[in-house]
Amino acid sequence: MEKILIEKAKAFVQDSLKHAEGGHDWFHVLRVYRNALLIAEKEAVDTTTVALGALLHDIADPKFHDGDETLGPRLAREFLQEQNAPGELIEEVIYIIQHCSFGGGFQKAKKPSLALQIIQDADRLDALGAIGIARTFNYGGFKNRALYDPSIPPQQYATKSAYRNSKAPTINHFYEKLLLLKDEMHTTTAKKIAEERHAFMETFLEQFYAEWEGKK
Ligand code: ADP
Ligand code: NI
């Protein structure tokens with residue numbers, strides 16, 4: 001791994017995300033970076049690409065930048081060029097940033113590269129389990145959404161902008177995204193971790209409804 005480049009990328013991301021929403025901040029990136037390197041241990045993949053892709057994947061998330069999908073790739077390119085990173089590495093990292101997001105399932109890469117698969121898995125693992133639950137309610141609060149409203153059922157969105165602009169209660173996001181993720185994992189390592197985190201979220205939901213009804 002290109003140690004100096006990775007260290008510079010960490011400092012760059014940490015600084016860029018200092019005002020980020022709590023679920024998409026530097027610590028999210030750090031967890032994704034660690035998950036990605038853990039998954040990569042079992043795969044024949046270039047770890048520099050995985051490390052940089054993970055570190056830069058949320059450098060300017062479109063949902064916090066008026067839907068602008070070009071800003072993240074542009075900032076990442078500028079940073080990597082300044083560091084004199086090889087052109088091929090830059091292109092692979094940009095490709096990862098452009099295709100990483102779940103985005104309601106509307107922008108699936110047709111044949112994701114192995115590095116992209118690993119980073120998608122790592123990013124999706126951070127959407128599951130206890131951390132996944134915490135991030136989801138934080139985002140719901142950030143958007144001033146209700147926790148739960150039994151009269152508003154989960155739905156399938158027709159377009160990415162409908163998914164993004166939904167005002168549905170936060171509990172609905174479990175059915176619209178989080179509980180679907182375990183079947184979307186690419187690698188064996190991530191599938192295993194996802195199963196456990198998925199089960200934890202199901203337990204959480206059962207308890208949530210029981211408390212809602214005053215049964216526990
Ligand atoms: P994507 O854009 O690929 O769907 P995000 O980066 O938006 O992925 O999702 C990251 C996390 O942000 C989700 O796992 C969830 O915790 C939170 N999040 C995103 N959209 C919503 C939403 N509509 N309601 C609640 N949480 C959300
Ligand atoms: Ni992310």
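**Helix crossings, a core and a loop residue**

Me: In this predicted model, the axes of helix α1 (residues 3-16) and helix α4 (residues 71-82) come within 11 Å and cross at roughly 140°. Why is α1 called oblique to α4?

Reply: Angles over 145 degrees count as roughly antiparallel and those from 65 to 115 as roughly perpendicular, while the rest, once those under 35 degrees are also set aside as roughly parallel, are oblique. The crossing of α1 and α4 is at roughly 140°, and therefore α1 is oblique to α4.

Me: Which residues of α1 and α4 meet, and how do they divide by class?

Reply: From α1 come Leu5, Lys8, Ala9 and Phe12, and they meet Leu75, Phe79 and Leu80 of α4. In this contact of α1 with α4 there are six nonpolar residues, no polar ones and one charged. As for its handedness, the crossing of α1 and α4 is right-handed.

Me: What makes α7 oblique to α10?

Reply: Helix α7 (residues 129-142) packs against helix α10 (residues 188-212) at an angle of about 55°, and their axes are 8 Å apart. Since roughly parallel would need an angle under 35 degrees and roughly perpendicular one from 65 to 115, the angle of about 55° makes α7 oblique to α10. On the side of α7 the contact is made by Gly129, Ala130, Ile133 and Phe137, and on the side of α10 by Arg197, Phe200, Met201 and Phe204. Divided by class, this contact of α7 with α10 has six nonpolar, one polar and one charged residues.

Me: Which residues have the most contacts inside the largest nonpolar core, and which helix gives the most to this core?

Reply: The largest nonpolar core has 54 residues, and Leu56 and Leu80 are those with the most contacts inside it. The helix that gives the most to this core is α2, with nine residues, and among the helices that each supply at least two are α1, α4 and α10. If residues up to four places away in sequence are not counted, Leu80 touches Leu5, Leu52, Leu56, Ala85, Ile90 and Val93.

Me: How do you know whether Glu184 counts as buried, partly exposed or exposed?

Reply: Buried means under 20% relative accessible area and exposed means over 50%, so Glu184, at 26% relative accessibility, counts as partly exposed. Glu184 has its place in the loop between α9 and α10, and, leaving aside neighbours within four places in sequence, Glu184 is in contact with Lys108, Asp121 and Arg124.

Methods: Residues numbered from 1 in each chain as written. Chains lettered and ligands numbered in written order. Predicted model: local features only at pLDDT ≥ 70, side-chain atom pairs only at ≥ 80, totals over all residues. Heavy atoms only, no water. Axes fitted to C-alpha atoms, helices over the stretch in contact; angles between N-to-C directions. Helix = DSSP H or I, 4+ residues; strand = E, 2+ residues; numbered from the N terminus. Contact = heavy atoms within 4.5 Å. Nonpolar A, V, L, I, M, F, W, Y, C, P; charged D, E, K, R; others polar. Left-handed = near helix turned anticlockwise from the far one by under 90°. Core = buried A, V, L, I, M, F, W, Y, C linked by side-chain atoms within 4.5 Å. Buried < 20%, exposed > 50% of the residue type's maximum accessible area, 1.4 Å probe, protein only.
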